[in-house]
Amino acid sequence: ASPTIKPRPLSADWGGYEVSPGGQGLVYASGSIWALAAGEQLARIDPANGRVQRVYTYRDYDPSRLGGLDFLTAGGGWVWFLDNGYPFSGVLRVSMATGHPAGGVPVPPNSCGEQTCSQVYYVAGSVWVPTAELLLRIDPGKLPG
């Protein structure tokens, strides 16, 4: 017989947190939970105790306020944001350690058809973005810096 796993409730005290409607705003990577809230606030949360370890704002990773970043994934020491809008359309790479951007990969605007690009995944060392016509694979090892 397999053991029964009992979920344990956990809460993180993060004042003013509000989930982005329709966004992909909660991922796990590098021993932390990464939560993206409305207003482009990103929190790194310790899953063992619910303590917010650090909060980044758009001033850290999107100081020009170019994106309406609603979707993310994480892995390989980076948080990857996806935006399909003006003036930025693509995947933005942000350091988990500093919260600072380290460039991005453009995705042609409206390449996802009538729906905006809303899916981004970190799997097996690559970032994956499905569009209306193709599946984009980003190899972090081939990006500068």
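The following questions and answers examine a predicted model of a protein and the grounds for the terms applied to it.

Q: What makes up the secondary structure of the protein, and which pattern does it follow along the sequence?
A: The protein has 1 helix and 11 strands. Read from the start of the sequence, these elements follow the pattern β-β-β-β-α-β-β-β-β-β-β-β.

Q: Why is T73 called buried?
A: A residue is buried if its relative accessible area is under 20%. The value for T73 is 7%, and T73 is therefore classed as buried. T73 is located in strand β5, which spans residues 71–75.

Q: What does T73 touch, leaving aside residues up to four places away in sequence?
A: T73 touches V27, W78, V79, W80, V120, Y121 and Y122. Contact here means heavy atoms within 4.5 Å.

Q: What makes the approach of T73 to Y122 a polar contact?
A: The pair must consist of N or O atoms within 3.5 Å, one able to donate a hydrogen and the other to accept it. A polar atom of the T73 side chain lies 3.0 Å from the backbone nitrogen of Y122. The distance of 3.0 Å is within the limit of 3.5 Å, so the pair meets the distance condition.

Q: How do you know that β2 is largely enclosed by the rest of the structure?
A: The conclusion rests on burial: 5 of the 6 residues of β2 are buried, so the strand is largely enclosed. Strand β3, residues 41–45, is likewise described as mostly covered, with 4 of its 5 residues buried. For the protein as a whole, buried residues make up 39% of the 145 residues.

Q: Why are β2 and β3 said to pair?
A: Two strands pair if there are at least two bridges between them. Strand β2, residues 32–37, is joined to β3 by 5 bridges, so the condition is met. The two strands run antiparallel. Within this pairing, L36 stands opposite L42, and the bridge partner of I33 is I45.

Q: How do you know that β3 and β4 pair as well?
A: The requirement of at least two bridges applies again. With 4 bridges between β3 and β4 (residues 52–56), the requirement is satisfied, and therefore the strands count as paired. Their direction is antiparallel. L42 has Y56 as its bridge partner in β4.

Q: What links the strands in the hairpins of β1 to β4, and which turn residues have a positive phi?
A: The hairpin of β1 and β2 has 2 residues between the strands, and S30 takes a positive phi near 50 degrees. Between β2 and β3 there are 3 residues, and G39 in the turn has a positive phi of about 80 degrees. The hairpin of β3 and β4 has 6 residues between its strands, with a positive phi of about 80 degrees at G50 in the turn.

Q: What makes β1 and β4 edge strands?
A: The open sheet of 4 strands has the order β1-β2-β3-β4, with antiparallel pairing. β1 and β4 each pair on one side only. The twist in this sheet averages 20 degrees from one strand to the next. At the β1 edge, strand β1 (residues 26–29) pairs with β2 over 4 bridges, and L26 stands opposite A35 in β2.

Q: Why is one side of β9 and of β11 left without a neighbour in the sheet?
A: In the open sheet of 3 strands, the order is β9-β10-β11 and the pairing is antiparallel. β9 (121–123) and β11 (135–138) stand at the edges with a single partner strand each, so one side of each lacks a neighbour in the sheet. The average twist from one strand to the next is 30 degrees. β9 pairs with β10 (residues 126–130) over 3 bridges, and S126 in β10 is the bridge partner of V123.

Q: Which residues touch the most other members of the largest nonpolar core, and which elements give two or more residues to this core?
A: Of its 15 residues, W34, L42, Y61, L72, A74, V79 and F81 touch the most other members. The elements that give two or more residues are β1, β2, β5, β6 (78–84) and β7 (89–95). Another core, of 11 residues, lies apart from it and includes V107, V127, V129 and I138.

Terms used:
Residues numbered from 1 in each chain as written. Predicted model: local features only at pLDDT ≥ 70, side-chain atom pairs only at ≥ 80, totals over all residues. Heavy atoms only, no water. Buried < 20%, exposed > 50% of the residue type's maximum accessible area, 1.4 Å probe, protein only. Core = buried A, V, L, I, M, F, W, Y, C linked by side-chain atoms within 4.5 Å. Axes fitted to C-alpha atoms, helices over the stretch in contact; angles between N-to-C directions.
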